[in-house]
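Let's take a walk through a protein fold together. Have a look at the picture first, and then we'll go through it piece by piece.

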Amino acid sequence: MEKRQIEVVGAVIVEDGKILCAQRGTGALAGMWEFPGGKLEPGETHHDALVREIAEEIHCEIAIGSLVTTTRHEYDAGVLTLTTYYCTLVAGSPVLTEHSELAWLAPADLDRLDWAPADLPAVEVVRRDLG
């Protein structure tokens, strides 16, 4: 049986040279770090989903910039395709709602965190691009 396909988007939010990192609070990857974002709803574009997810998850409005990368990772629950974009905050300050912790880190410090496997390729691109 073919594994479920899960399409998600992530925001690499950059402010004052630092990147917003979010620690998962629940689920199979609880305690691991990720770029905030989430699953696409049926019929949503990447940009629509990312704007909605960031508003829901951290109560902020963002401007979406260039593509960071798209990666695929197989988890027990299915095959996750993660597309990440560089973003900037337009309004609001990040608020904890779904995550257990938020942190602003310099690109060179990103590897100090225990990242979810699907996010690792994006972390490497960000460190290369912004480090």
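How many residues does helix α1 have, and how far does α1 reach from its first C-alpha to its last? Keep in mind as you read on that this is a predicted model.

## Helix α1

Helix α1 runs over residues 46-58, which makes 13 residues. From the first C-alpha to the last, α1 reaches 18 Å, close to the 18 Å expected at 1.5 Å a residue.

Now for what is tucked away. The buried residues of α1 are His46, Ala49, Leu50, Arg52, Glu53, Ile54, Glu57 and Ile58. Strands do a lot of the covering here: β1 (5-15), β2 (18-24), β4 (37-39), β5 (61-75), β6 (78-91) and β7 (99-105) are included in what covers them.

## Isoleucine 58, a buried spot in α1

Let's zoom in on isoleucine 58, which has its place in helix α1. Is isoleucine 58 buried or exposed? Its relative accessible area is 0%, so isoleucine 58 counts as buried, the cut-off being under 20%.

Which residues does isoleucine 58 touch, if those up to four places away in sequence are not counted? The list is Ile13, Leu20, Ser93, Pro94, Val95, Thr97 and Leu102. Leucine 105 sits 47 residues from isoleucine 58 along the chain, and the C-alpha atoms of the two are separated by 17 Å.

## Helix α2

Helix α2 covers residues 120-130, and in it Ala122, Val123, Val125 and Val126 are buried. If you look down the axis of α2, these buried residues fall within an arc of 165 degrees, so they line one face of the helix. What do they pack against? The partners are β1, β2, β5 and β6.

## Valine 12 in strand β1

Strand β1 is home to valine 12. With a relative accessibility of 0%, valine 12 counts as buried. Setting aside neighbours within four places in sequence, valine 12 is in contact with Ile19, Phe35, Val68, Thr84, Tyr85, Tyr86, Cys87 and Val126. One of these, Val126, is also one of the buried residues of helix α2.

Here's a nice pair to find in the picture: valine 12 and isoleucine 64 are 52 residues apart along the chain, and their C-alpha atoms are separated by 9.3 Å.

## Two positive phi angles

Where is aspartate 16 found? Look in the loop between β1 and β2. Its phi is near 50 degrees, which is a positive value in a residue other than glycine. Aspartate 16 has 76% relative accessibility, so it counts as exposed, the cut-off being over 50%.

Histidine 59 comes just after α1, in the loop between α1 and β5. Histidine 59 isn't a glycine either, yet it has a positive phi of about 55 degrees. Its relative accessible area is 46%, and histidine 59 is partly exposed.

## The largest pocket

Where is empty space left? Rolling a probe the size of a water molecule over the atoms is a way to find out. The largest pocket has a volume of about 660 Å³. Its lining is made of 28 residues, and Arg24, Leu29, Glu34, Lys39 and Leu80 lie nearest the centre.

Which elements each supply at least two residues of this lining? They are β1, β4, α1 and β6, and β1 gives the largest share, with 4 residues. As for chemistry, the lining of the largest pocket splits into 12 nonpolar, 7 polar and 9 charged residues.

Methods. Residues are numbered from 1 along each chain as its sequence is written. This is a predicted model: local features need pLDDT of at least 70, side-chain atom pairs count only at pLDDT 80 or more; totals for chains, interfaces and linings use all residues. Side-chain values use heavy atoms; hydrogens and water are left out. The expected span of a helix is 1.5 Å times one less than its number of residues. Buried means under 20% relative accessible area, exposed over 50%, partly exposed in between (1.4 Å probe, protein chains only). Contact means heavy atoms within 4.5 Å. The arc is that of the directions from the helix axis to the C-beta atoms. On a 1 Å grid over the protein atoms alone, a cavity is a set of points where a 1.4 Å probe fits but cannot get out, and a pocket is an open set with protein on both sides within 12 Å along at least five of seven lines; lining residues have an atom within 4 Å of a point. Grid points are joined across faces, edges and corners, and a volume is the space filled by probe spheres set on the points. Ala, Val, Leu, Ile, Met, Phe, Trp, Tyr, Cys and Pro count as nonpolar, Asp, Glu, Lys and Arg as charged, and the others, Gly among them, as polar.
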